[in-house]
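Please look at the model below with its helices in view, since the text walks through how some of them pack and then turns to single residues in the loops and at the ends of helices.

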Amino acid sequence: MSRRWTDEELQAASEANKAAGFLSFPEFKVELGLAILDGIMKDHNCSKAKLAEALGVSRQSVSQVFKGTQYFTVKQIRVIAEMFSMTPEQVCECFALL
């Protein structure tokens, strides 16, 4: 039978992993999702500049999302999903919703 970890133990383990250069699970999901989105964009021959234009934002704003310093809004996610005819599963994978 396994024991339950305390919040303090989980926090300490998370900090130790981060110090060792590992991503947390949420960070991993975001990076993986952005890689999937990047692949979809390449399949549609869409640059970050074209995506920014479709979203009505600057290219720098989209670049910040891909750097992990900013996130897409729900409205922007809807535009992206329609733009690339994404399935609900693809939307969840790309935007770390699962």
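The paragraphs that follow begin with one helix and its partners, and then move on to individual residues.

The model is a predicted one, and a convenient place to enter it is helix H3, which spans residues 48-55 and has Leu51, Ala52 and Leu55 as its buried residues. These three cover an arc of only 100 degrees around the axis, and they therefore sit on the same side of H3. The partners against which the buried residues of H3 pack are helix H2 (25-43), helix H4 (59-67) and helix H5 (74-83). At the end of the helix the chain continues into Gly56, a residue with a positive phi, near 75 degrees.

Two of these partners can be examined pair by pair. Two packed helices are described by the angle between their axes and the distance between the axes. For H3 and H4, the axes come within 8 Å and cross at roughly 110 degrees, and because angles from 65 to 115 degrees count as roughly perpendicular, H3 and H4 are assigned to that class. The crossing of this pair is right-handed. On the H3 side the contact is made by Lys48, Ala49, Leu51, Ala52 and Leu55, while H4 contributes Arg59, Val62, Ser63 and Phe66. Sorted by character, the residues of this contact between H3 and H4 comprise 6 nonpolar, 1 polar and 2 charged.

The packing of H3 with H5 can be described in the same terms. Here the angle is about 120 degrees and the axes are 10 Å apart, which makes H3 and H5 oblique to each other. H3 passes H5 in a right-handed crossing. The residues that make the contact are Lys50, Leu51, Ala54 and Leu55 from H3, together with Gln76, Val79, Ile80 and Met83 from H5, and this set divides into 6 nonpolar, 1 polar and 1 charged. Leu51 and Leu55 of H3 are listed in the contact with H4 and are listed again in the contact with H5.

Seen from the other partner, H4 has Ser61, Val62, Ser63, Val65 and Phe66 as its buried residues, and these pack against H2 and H3. Just after H4 comes Gly68, which takes a positive phi of about 85 degrees.

Which residues take a positive phi although they are not glycines? One of them is Asn45, with a phi of about 50 degrees, which lies in the loop between H2 and H3 and is exposed, at a relative accessible area of 62%. Another is Ser85, whose phi is also positive at about 50 degrees; Ser85 belongs to the loop between H5 and H6 and is likewise exposed, with a relative accessible area of 64%.

The loop that holds Ser85 also holds Met86, placed between H5 and helix H6 (88-94). Is Met86 buried or exposed? Its relative accessible area is 11%, and because buried means under 20%, Met86 counts as buried. Leaving aside neighbours within four places in sequence, Met86 is in contact with Ile40, Ile80, Ala81, Val91, Cys94 and Phe95. One of these contacts, that with Ile40, joins residues 46 apart in sequence, whose C-alpha atoms are 9.0 Å apart in space.

Cys94, another residue in contact with Met86, is found in helix H6, and at 3% relative accessibility it counts as buried. When residues up to four places away in sequence are not counted, Cys94 touches Gly33, Leu34, Ile36, Leu37, Ile40 and Met86, so that Ile40 appears among the contacts of Cys94 as well as among those of Met86. Between Cys94 and Phe72, which are 22 residues apart along the chain, the separation of the C-alpha atoms is 11 Å.

A last position to inspect is Ser24, in the loop between helix H1 (7-19) and H2. Ser24 is partly exposed, with a relative accessible area of 27%. Ser24 and Thr6 are 18 residues apart in sequence, and the distance between their C-alpha atoms is 17 Å.

Technical notes. Residues are numbered from 1 along each chain as its sequence is written. This is a predicted model: local features need pLDDT of at least 70, side-chain atom pairs count only at pLDDT 80 or more; totals for chains, interfaces and linings use all residues. Side-chain values use heavy atoms; hydrogens and water are left out. Buried means under 20% relative accessible area, exposed over 50%, partly exposed in between (1.4 Å probe, protein chains only). Helices (H or I, at least four residues) and strands (E, at least two) are DSSP runs, numbered from the N terminus. The arc is that of the directions from the helix axis to the C-beta atoms. Contact means heavy atoms within 4.5 Å. Axes are lines fitted to C-alpha atoms, for helices over the stretch in contact, and angles run from 0 to 180 degrees between N-to-C directions. Angles under 35 degrees count as roughly parallel, over 145 as roughly antiparallel, 65 to 115 as roughly perpendicular and the rest as oblique. A crossing is left-handed if the near helix is turned anticlockwise from the far one by less than a right angle, and right-handed if clockwise. Ala, Val, Leu, Ile, Met, Phe, Trp, Tyr, Cys and Pro count as nonpolar, Asp, Glu, Lys and Arg as charged, and the others, Gly among them, as polar.
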